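This note is addressed to a colleague who works at the bench and wishes to read the model with some care. Please keep the sequence and the structure at hand while going through the points.

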Amino acid sequence: MGLTSSLRFHRRNNKTFLRIFMILVLSCIPGRTNLCSNHSVSTPKELPPSNPLDIRSSLVSLDLEGYISFDDVHNVAKDFGNRYQLPPLAILHPRSVSDISSMMKHIVHLGSTSNLTVAARGHGHSLQGQALAHQGVVIKMESLRSPDIRIYKGKQPYVDVSGGELWINILRETLKYGLSPKSWTDYLHLTVGGTLSNAGISGQAFKHGPQINNVYQLEIVTGKGEVVTCSEKLNSELFFSVLGGLGQFGIITRARISLEPAPQMVKWIRVLYSDFSAFSRDQEHLISKEKTFDYVEGFVIINRTDLLNNWRSSFSPNDSTQASRFKSDGKTLYCLEVVKYFNPEEANSMHQETGKLLSELNYIPSTLFSTEVPYIEFLDRVHIAERKLRAKGLWEVPHPWLNLLIPKSSIYQFATEVFNNILTSNNNGPILIYPVNQSKWNKHTSLITPNEDIFYLVALLPSAVPNSSGKNDLEYLLKQNQRVISFCAAANLNVKQYLPHYETQQEWKSHFGNRWETFAQKKHAYDPLAILAPGQRIFQKTTRQLSPIQLSKSKAIGSPQRYH
Ligand code: FAD
């Protein structure tokens with residue numbers, strides 16, 4: 001049924017008409033926050049269809065530069081976490097910003113008579129269904145190819161990219177101009193929109209802040225279909241809401257990312273510690289210095305005696321005789337991983353600087369390993385691991401990952417319990433641990449972090465081996481995560497989840513703490529029907545028919561239904 005026949009259908013039911021009209025009117029009423037929009041949602045001229053077949057045909061009737069598909073929805077029903085399977089009704093393959101805006105306006109027009117929600121899908125590398133929209137519309141952001149990657153040189157160089165662009169493509173393109181973004185994730189086959197909706201944290205974040213700190217401007221399609229350009233100065237509320245905003249306020253269609261001169265090479269160093277305090281003291285020392293490494297991370301090695309042998313193919317020991325004598329004796333070890341950028345002509349001064357920095361540290365002397373590789377090879381390092389795992393059929397398996405931000409004051413207690421008592425091995429995936437300085441991070445974004453200047457990112461990144469039992473089994477790994485979370489809560493460690501996932505409203509409230517009301521208020525302002533990013537499970541779209549009294553209440557702050 002097309003829009004015209006659906007109009008006739010609805011005219012038969014005056015009560016429904018009144019309700020839908022009220023919903024539409026109310027959804028256009030601004031919340032208490034500034035709407036700061038460039039465009040407004042027009043009042044629909046026709047009534048929306050309510051039956052699923054009508055909805056499908058109404059999607060088909062949209063005038064788009066790209067297209068909509070229905071038969072391949074299984075391709076976007078899962079994510080990297082591989083634990084949820086929730087197919088959408090349709091996939092939008094947008095060619096332009098206006099395709100995305102038209103889709104959003106259409107769904108606003110349908111109002112709460114349809115249960116359609118919208119998930120922008122970057123590379124689908126979420127872990128717990130955050131990029132899924134069950135029976136809704138998934139927007140494949142990688143289809144949005146405009147603008148092309150455009151680089152601007154000058155004093156403050158930057159690059160304009162589409163929100164669906166992969167970071168690896170941005171790196172390859174900017175390197176042609178001798179430039180590069182400053183802040184990264186460990187893995188580059190992720191999209192700009194996907195990481196900016198979270199934070200984008202890696203070993204450069206202590207120096208430059210996360211990726212959300214390194215954006216000059218965004219173009220956003222809000223939950224009402226408005227296209228808004230925003231920056232720190234222009235529509236700043238929307239700008240900061242979207243950064244780290246878990247996709248709740250709008251779809252990032254374009255981003256302007258700051259650049260710096262790119263080095264050609266990196267000196268990549270690993271050293272080991274058996275004492276956690278010495279390890280974390282050295283990490284904190286390095287991130288507090290002005291002249292220091294360009295990247296500081298670290299990882300935990302539990303019960304892996306073969307590790308140093310594994311490194312030999314890519315890293316060289318400083319003293320091979322001493323290194324070959326090193327025995328871990330089954331102890332938990334902590335590896336500090338640091339990198340210094342350099343160009344070949346600066347090799348001598350780079351060696352002097354790294355030598356000086358290393359001399360200030362207290363690692364086990366026989367465990368100094370290093371290598372020199374091109375900058376792009378270092379940044380794209382996880383892709384090499386991906387290829388190996390894919391070849392063994394171990395990439396597309398369930399990934400029960402847990403990412404935590406732990407305040408400095410709690411890290412020793414956390415490490416003592418978690419690395420010695422809860423986790424008994426890390427054979428099935430890395431455990432990353434490194435500190436960052438919050439003073440270098442912008443406090444206005446939506447990202448929630450612990451309330452201390454220095455906090456650690458701890459990432460437990462296991463892969464569950466299909467058809468296995470014991471420690472590689474999904475259930476076992478999920479219970480292990482739960483033990484870690486329960487310990488943090490019981491010991492009151494004031495930990496925050498990164499890439500957060502919660503089941504209840506209470507948990508989301510406690511995650512946001514005193515920022516919850518503002519978050520809900522902004523949701524109401526930019527996505528009043530709670531259409532966007534349903535897979536985050538923070539707000540739920542209202543699909544039942546509301547009475548005029550209930551509708552008028554829905555104007556109140558935080559009105560979109562929340563999961564309980
Ligand atoms: P998706 O999974 O497709 O989407 C994530 C969320 O953002 C969804 O809610 C989606 O609806 C929303 N979204 C997607 N695109 C847009 C858009 N254009 N506008 C608005 N909302 C949008 N993270 C780090 O910070 N540091 C790391 O080092 C790191 N390493 C990783 C390594 C691997 C192997 C993997 C799989 C993930 C890693 N991550 C890391 C996590 C990663 O940053 C997040 O999972 C990110 O969301 C994935 O990006 P994506 O493009 O696949 O987004």
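The points below take up the chain as a whole, then one strand and its partners, one helix, and the internal spaces.

1. Overall make-up. The model is predicted. The chain has 564 residues, of which 59% count as buried. Its secondary structure amounts to 19 helices and 21 strands. Among contacts in the chain with a separation of 6 or more, 76% are between residues 24 or more positions apart.

2. Strand β18. This strand spans residues 454-460, and 7 of its 7 residues are buried. In a regular strand, side chains alternate between the two faces of the sheet. On one side of β18 are Ile-454, Tyr-456, Val-458 and Leu-460, and on the other are Phe-455, Leu-457 and Ala-459. Both faces are covered, since every one of these residues is buried.

3. Partners of β18. Which strands are joined to β18 by bridges? Strand β16, residues 402-407, runs antiparallel to β18 and is joined to it by 6 bridges. Within this pairing, Asn-403 is found opposite Ala-459. Strand β17, residues 431-437, is likewise antiparallel to β18, with 7 bridges between them. Here Val-436 faces Phe-455 as its opposite residue.

4. Asn-437. This residue belongs to strand β17. Is Asn-437 buried or exposed? Its relative accessibility is 6%, and it therefore counts as buried, the cut-off being under 20%. Apart from neighbours within four places in sequence, Asn-437 is in contact with Phe-206, Ile-287, Asp-453 and Ile-454. Of these contacts, Ile-454 is one of the buried residues of β18.

5. Helix α17. The helix covers residues 505-512, and its buried residues are Gln-505, Trp-508, His-511 and Phe-512. Why do these residues lie on the same side of α17? They cover an arc of only 120 degrees around the axis, so they share one side of the helix. The general rule is that an α-helix has 3.6 residues a turn, so residues three or four places apart point the same way. Just after α17 comes Gly-513, which adopts a positive phi of about 55 degrees.

6. The cavity. A search of the whole structure for cavities of 30 Å³ or more returns 1. The volume of the largest cavity is about 90 Å³. It is lined by 13 residues, and those closest to its centre are Leu-246, Leu-447, Ile-448, Pro-500 and His-511. His-511 is also among the buried residues of α17. The lining consists of 8 nonpolar and 5 polar residues, with no charged residues.

7. The second largest pocket. This pocket holds about 750 Å³ of space. Its lining comprises 29 residues, and nearest its centre lie Ile-485, Gln-497, His-501, Tyr-502 and Glu-507. Two or more lining residues come from each of β16, α16 (474-490), β19 (496-497) and α17. The largest share, 6 residues, is supplied by α16. By class, the lining of this pocket has 15 nonpolar, 10 polar and 4 charged residues.

8. Links between the points. Strand β16 is paired with β18, and β16 also gives residues to the lining of the second largest pocket. Helix α17 contributes to that lining as well, while His-511, one of its buried residues, is listed among those closest to the centre of the largest cavity.

Technical notes: Residues numbered from 1 in each chain as written. Predicted model: local features only at pLDDT ≥ 70, side-chain atom pairs only at ≥ 80, totals over all residues. Heavy atoms only, no water. Buried < 20%, exposed > 50% of the residue type's maximum accessible area, 1.4 Å probe, protein only. Helix = DSSP H or I, 4+ residues; strand = E, 2+ residues; numbered from the N terminus. Pairing = 2+ DSSP bridges. Arc of directions from axis to C-beta. 1 Å grid on protein atoms, 1.4 Å probe; cavity = no way out; pocket = protein on both sides within 12 Å on 5 of 7 lines; lining within 4 Å. Points joined across faces, edges and corners; volume = space filled by probe spheres on them. Nonpolar A, V, L, I, M, F, W, Y, C, P; charged D, E, K, R; others polar. Contact = heavy atoms within 4.5 Å.
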